[in-house]
2 protein chains.
Amino acid sequence: MVVATQSIQELCINAIRFLSIDGVEKAKSGHPGLPMGAAPMAFVLWDQFMKFNPKNPQWINRDRFVLSAGHGSMLQYSLLHLYGYDSVSIDDIKQFRQWKSKTPGHPENFVTEGIEVTTGPLGQGIANGVGLALAEAHLAAKYNKPDCTLIDHYTYVILGDGCNMEGISGEAASIAGHWGLGKLIALYDDNHISIDGSTDIAFTEDVCKRFEAYGWHVLHVENGNTDLEAIARAIEEAKSVTDKPSMIKVTTTIGYGSPKKANTAGVHGAALGGDEVDATRKNLGWNYEPFEVPQDAYNHFQKAGAKGADLEAQWNETLATYKSKYPTEAAEFETITSGKLPDNWADCLPTYTPEDKALASRKHSEICLNAISKVLPQLVGGSADLTHSNLTQLEISGDFQKGAYENRNIHFGVREHAMGAICNGIALHNTGLIPYGATFLVFTDYMRNSIRLSALSEAQVIWVMTHDSIALGEDGPTHQPIEHVASLRLIPDLLVFRPADGNETSGAYKVAIETKKTPSLMALTRQGLPNLAGSSVEGVAKGGYVVACGFAPEELDLILIGTGSEVSLCVDAAEKLKAEGLKVRVVSMPCVELFDKQSDEYKESVLPKAIKKRVSVEAGTTFGWERFVGDEGVCIGVNTYGASAPGGVVMEKFGFTVDNVVAKAKSILG
Amino acid sequence: MVVATQSIQELCINAIRFLSIDGVEKAKSGHPGLPMGAAPMAFVLWDQFMKFNPKNPQWINRDRFVLSAGHGSMLQYSLLHLYGYDSVSIDDIKQFRQWKSKTPGHPENFVTEGIEVTTGPLGQGIANGVGLALAEAHLAAKYNKPDCTLIDHYTYVILGDGCNMEGISGEAASIAGHWGLGKLIALYDDNHISIDGSTDIAFTEDVCKRFEAYGWHVLHVENGNTDLEAIARAIEEAKSVTDKPSMIKVTTTIGYGSPKKANTAGVHGAALGGDEVDATRKNLGWNYEPFEVPQDAYNHFQKAGAKGADLEAQWNETLATYKSKYPTEAAEFETITSGKLPDNWADCLPTYTPEDKALASRKHSEICLNAISKVLPQLVGGSADLTHSNLTQLEISGDFQKGAYENRNIHFGVREHAMGAICNGIALHNTGLIPYGATFLVFTDYMRNSIRLSALSEAQVIWVMTHDSIALGEDGPTHQPIEHVASLRLIPDLLVFRPADGNETSGAYKVAIETKKTPSLMALTRQGLPNLAGSSVEGVAKGGYVVACGFAPEELDLILIGTGSEVSLCVDAAEKLKAEGLKVRVVSMPCVELFDKQSDEYKESVLPKAIKKRVSVEAGTTFGWERFVGDEGVCIGVNTYGASAPGGVVMEKFGFTVDNVVAKAKSILG
């Protein structure tokens, strides 16, 4: 194919293609195939439909764009650059995949302005898109007025075959169809190629029919390579259907334009190579140098940017009108979207004394969530079909459902992984909503990548994980977390809390709400826990603190370190040891990550280095506790799978008794 | 409803129901609703279709039954007891969910004979079923002869709404449809209730249409409560379609028979309570005491058991014929299914010297897999669409596809979670097949529960995980495992290997193949690794060993402990320190779990307690290394997310250089 003269559309599309090709080629690393094939749909979408202002990437009412097939990141960088985002210069494109560049291998929202969510792990992006669309629907239902529309944007997602094979995308699509999120529009880049070759070898299902089964509005563009009008018509039609999400299958050729590599797996994840780049330039009639963009193309792209600035200006007028007509709602809207918390909001959190009834920490969590929901309207969330086990229902609100998007209780169904990514999407809508998602702690295994991505991509999500140890009892080893608390502590930038009682649960929620850009995970008990005399909200903020001690540091014989349900066990053991004349301190360590951040002085005040006799007690793996107990200490924990029996029996059989703690302590005292 | 006289079928179905009700009631814990509703389909299936011999639960050619909705475990225990399995006596039923009982909260294959796979985490069972059906298809294609059919059984799965909401079931169903596994028959207990209430609140997709989209044969039994003939007809029809898996939607009433609780979430996961049990007895005309089974029912159930013994006897005749006609194939079949390995099989594994070319450990893994495939025909496996990145293709065989089930290379598609559960199913077919499943190490996060279940349920699977650190480079933090090796070490009974070179990779595979009932996970590099002078296959079997040291233990100044790609770095650093007059030992620790199992003497010989100056070096989180480096040691690792840049650059920036190891070592030597 030789293109004699290119229309401005072709010119722009090829500009996207060749920036992507050149970026990958210079890096000698990356995925040129997707950008080359998906450039037409991306161009039509951004050129004719997307509402965005490159000069204010954080404009609240912008359309959201997600490249779920994140390996095609050069597509997104090319778009950002060409449409005039300051975050991606031509030099940034040249630095694709290099140390500290603005253009890393996969799109990262925390690196590059204009990227809404971090993608790469397949299927996450489309599920994030469901969360973004949910956030839009919720805010629109809550704040829009018949005469004043404040929130009204679309969420567009480009996803590939890989995304569609992943279970998380099926979960997310099913619940999106149930909710009828009409402003979610997914463009499926149907290019028949995945890394191993033709999708014929492992992916022959009827994707359109499957999405219809989920309740989606489904369209097909048969020639996504050159039929720009068909793409535009399909997006137009998708926008017109407002009670269902839309999936547009756009059939394309991966690596479009490459004479030798188009429609092969070879173009998926490797640079084309110099000769093939040249051949592709010739084939597509692209007579420009690497990284050169013709001025006509730049001029065209800039028009869209200017249009976006106008749209934002109009929206600002709408906001001004809204403020004058609806000052109460406007004040709430602005408070929420600013991310600022009301002064003294945390006064809503209850505190307890030992006289208060012993409750499970999941129950304390329920009390906290409900208290917070009354002062922070931005709190929304729910459970993966365990609402009454996780205790996550907000009394103040009804259920988020089709036609009731203003409600705040979300039923995710038995879809932990999608729940995770949807919560991330809600948080990364960046309009102040604070989502929470709940399941049994053991099922963090079903959603671990989403939890990791919440931490990596700075999404403030609260993960409410109940039934946090073998003490859950009869459900047995498949449901009893052993290694989970430790494994979650391994995830960088995730705060993992295991509160010991009511005060500590309140303390955990205080930190979780106040720590922006950081997810927090609550590991909560099924069983009741006594309220401790020494526990405190303030202690939790330091991660670890002395919860029981009547002795000066230099007098101490022993330190017991516990978390969650085992802190009261430590306190009881300390009493018994004290009765035998030993001087014992009990340290509660509800959040190891926060303790690690304290000053050396504070750490020394809690865990004096000179006191080498230390016992850790946690109903989970001992792995990692060596760091705190040191060479002369001992760890009490569970390093095998649990067992099915009543919770009290299991705890006793596994050694979580005062007598065993006392015995282990004595064993190291010699 | 009052039942005046019960047919023998009704009697048997009610016997299943009431054993389940009574078991849950006595435990005051469990899930009566599913067994009450699914008893008719289970009875029809076991009574008229299932091929099994209760006196030999391990008969190779038995039909496999999986209760994917594992919370309904009492259904399975009732069936096993009533059909005469010795593993579940009436006293065992009375001990439901008690300490050390044969009837734990969820079905556990390693506790109760007759249970094929451990279920409970939703969706795993149906995906295990795909693995079981794959194993059947593979063995049948490989060993059956036109005149002698050795392997010919069905795999039946009962799954519920929860299983169908989980993404893993969608992944598994999609690939099962692609493969056309005609002898997989799933009965979907469509009871409209999940824990949170009606499925209307979160699950309104068209499940039948979705399965049709996957390429399944789909049937619907509208009245699964009483229309036993319709159930039987549907199973008959499902069996008759041999080129597609079948999904039979069986609409039932959860808690059928309970006047007040049927069709409510209240009967899902809690005992009925005494009054409601009485009312249900009355309602279903069940005039028997708790745990009493009428003799007529026992007699009927026993007939099916006797039939199974006959079937096995016939099959043994077939096997005898097969042996005489096809002695070569029979010998192979018997060797494989016995689980015994040929003598000296491990001679196929290569060894290396420093003169051999530096290769990535993923490449060494490829060499091992191909070598093993030639001497062990039971090795089957593949990748989740990363075959040529994970390097898992077996040259000896073609691809496992519809019509080519004899082949050993499995393309799972981008479906890590289903891959995990399918591999578990293949291993738990218990016919000697050794499956392997591969992806990038970071995506163990997508399949963590399946990996956990491989360890819990004693499935010998080899998990081949490549791109094992930030050294993978440009793909950046979403693809760079930081916490993964440590988090996998936390899983009880999983062997995690991080080999340093060719010899250690061979050593890891030797252990993985020879350790029955135990999964092994390989963490393998993308980048090349020099072959070390001191590495050995034998060393790996001990988990940790001295790989470089010219000094007696008492002389040592320092111990460097490394794993995988960092061992050679330790060796180089040791050389440099030696040049400065320091006496340094290097310990390679390819498998922490195996090292932990060694004698105290051996451990002391490797890591003498007196040598307190220790440095661990691993390109991952330092969490957990404190155990080995102790109070005076230091850990070199990565405790933040990685970065996108060429691998060598990333490694250098994160401190994986000889100079940094040397500097850190000196810092503790003072």
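**Cysteines**

I looked for disulfides in this predicted model and found 0 over all chains. I then took A:Cys163, which is in no disulfide; the nearest cysteine sulfur belongs to A:Cys208 and lies 16 Å away. I noted A:Cys163 as buried, because its relative accessibility is 1%.

Next I asked why B:Cys348 has no bond to B:Cys368. The sulfur of B:Cys368 is the closest cysteine sulfur to that of B:Cys348, but at 7.7 Å it is too far for a bond. The cut-off I applied for a disulfide is 2.5 Å between the sulfur atoms. Is B:Cys348 buried or partly exposed? I entered B:Cys348 as partly exposed, because its relative accessibility is 22%.

**Chain A against chain B**

I turned to the contact between the chains and listed 96 residues from chain A and 96 residues from chain B. The two chains bury about 8100 Å² between them, and 57% of that is on carbon and sulfur atoms. I checked which three residues of chain A supply more of its buried area than any other three: A:Trp99, A:Arg452 and A:Tyr641, with 10%.

**Polar pairs across the interface**

I counted 12 salt bridges across the interface of chain A and chain B. I wrote down the one between the side chains of A:Glu483 and B:Arg452, at 2.7 Å from N to O. For polar contact I recorded 52 residue pairs across this interface, both residues at pLDDT 80 or more.

On the side of chain A that touches chain B, helix H16 (residues 448-456) gives the largest share, 6 residues. I sorted the residues of that side into 36 nonpolar, 33 polar and 27 charged.

Key: Residues are numbered from 1 along each chain as its sequence is written. Chains are lettered from A and ligands numbered from 1 in the order in which they are written. This is a predicted model: local features need pLDDT of at least 70, side-chain atom pairs count only at pLDDT 80 or more; totals for chains, interfaces and linings use all residues. Side-chain values use heavy atoms; hydrogens and water are left out. Contact means heavy atoms within 4.5 Å. Buried area is the accessible area (1.4 Å probe) that two parts lose on being put together, summed over both. A salt bridge is a side-chain nitrogen of Lys or Arg within 4 Å of a carboxyl oxygen of Asp or Glu. A polar contact is a pair of N or O atoms within 3.5 Å; within protein, one must be able to donate a hydrogen and the other to accept it, and residues adjacent in sequence count only if both atoms are side-chain atoms. Helices (H or I, at least four residues) and strands (E, at least two) are DSSP runs, numbered from the N terminus. Ala, Val, Leu, Ile, Met, Phe, Trp, Tyr, Cys and Pro count as nonpolar, Asp, Glu, Lys and Arg as charged, and the others, Gly among them, as polar. Buried means under 20% relative accessible area, exposed over 50%, partly exposed in between (1.4 Å probe, protein chains only).
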